[in-house]
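Open your viewer, get a cartoon view on screen, and keep the selection box handy. We will go stop by stop.

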Amino acid sequence: MSDVSTKPYLLRALYEWCADQGFTPYISVQVDAHTLVPRQFVRDGQIVLNLGTEAVQNLHMGNDLITCQARFGGVAQSLSIPIANVAAIGLLGSQFAGLV
């Protein structure tokens, strides 16, 4: 049996399913020294990121790392998130708009 984690494969599958269904995928990330995100948006050691196609550019979801560019407060930022630091993936769709 292989020691390869299924986590990156499941994240990519859920991301693709969200996109196909018209949902906006979000990830919750545990931030540490290996996580490149704007620190001013980190709360209690975590950040929630919108990975929707309108929110990020050049998204790459590899087996070890998620990388992309996104804007925070109008300022472009490069993001680098270790797959191991992804705590959860969620979704948001128009049918949930009244709940937000």
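What percentage of contacts in the protein chain between residues at least 6 apart in sequence join residues at least 24 apart? The share is 49%, where a contact means heavy atoms within 4.5 Å.

Before the first stop, two notes on the model. It is a predicted model, in which local features need pLDDT of at least 70 and side-chain atom pairs count only at pLDDT 80 or more, while totals for chains, interfaces and linings use all residues. Residues are numbered from 1 along each chain as its sequence is written, and side-chain values use heavy atoms, with hydrogens and water left out.

**The whole chain**

Start by colouring by secondary structure. You will find one helix and six strands, running α-β-β-β-β-β-β from the N terminus. Helices (H or I, at least four residues) and strands (E, at least two) are DSSP runs, numbered from the N terminus. Now switch on the surface: about 6,400 Å² is exposed, and carbon and sulfur atoms supply 55% of it. These areas come from the Shrake-Rupley method with a 1.4 Å probe; for residues, only the protein chains shown count as cover. Of the 100 residues, 33% count as buried. Buried means under 20% relative accessible area, exposed over 50%, and partly exposed in between, again with a 1.4 Å probe and protein chains only.

**The three-stranded sheet**

Next, select 56-61, 65-72 and 75-82. Strands β3, β4 and β5 form an open antiparallel sheet in that order. Because β3 (56-61) and β5 (75-82) stand at the edges with a single partner strand each, one side of each has no neighbour in the sheet. From one strand to the next the twist averages 15°; axes here are lines fitted to C-alpha atoms, for helices over the stretch in contact, and angles run from 0 to 180 degrees between N-to-C directions. Two strands pair if DSSP finds at least two bridges between them. Strands of a sheet pair through backbone hydrogen bonds, either parallel or antiparallel.

Keep β4 (residues 65-72) selected and look to each side of it:

- Towards β5, eight bridges join the antiparallel strands. Find C68 opposite L79, then Q69 with its bridge partner S78.
- Towards β3, the antiparallel pairing runs over four bridges, and V56 stands opposite A70.

Show the side chains of β4. Which of them point to the buried face? I66, C68, A70 and F72 do, while L65, T67, Q69 and R71 point to the other face and are not buried.

**The hairpins**

Follow the backbone out of the sheet. The hairpin of β3 and β4 has three residues between the strands. N63 lies in this loop and is partly exposed, with a relative accessible area of 39%. Leaving aside neighbours within four places in sequence, N63 is in contact with P8, Y9, R12 and I83. Draw a C-alpha distance from N63 to I83: these residues are 20 apart in sequence and 7.1 Å apart in space.

The hairpin of β4 and β5 has two residues between the strands, and there G73 takes a positive phi near 60°.

**Two positive phi values elsewhere**

Most residues other than glycine have a negative phi. Select N58 in strand β3, where phi is positive, near 55°; N58 is exposed at 61% relative accessibility. Then go to D44 in the loop between β1 and β2, with a positive phi of about 50°; D44 is exposed at 81%.

**Around β1**

Select S28 in strand β1 (residues 24-30). S28 counts as buried at 15% relative accessibility. Beyond four places in sequence, S28 is in contact with Q46, I47, V48, N85, V86, A87 and A88.

Move on to V31, in the loop between β1 and β2 (46-50). Is V31 buried or exposed? V31 counts as buried, at 15%. Past four places in sequence, the residues V31 touches are V37, R39, V42, G45, Q46 and I47.

**Last stop: the largest pocket**

Select Y15, A19, G22, F23, T24, P25, N50, L51, G52, T53, E54 and A55, which line the largest pocket. Helix α1 (7-21) and β1 each supply at least two residues of this lining. The space inside is about 150 Å³. On a 1 Å grid over the protein atoms alone, a pocket is an open set of points where a 1.4 Å probe fits, with protein on both sides within 12 Å along at least five of seven lines; lining residues have an atom within 4 Å of a point. Grid points are joined across faces, edges and corners, and the volume is the space filled by probe spheres set on the points.
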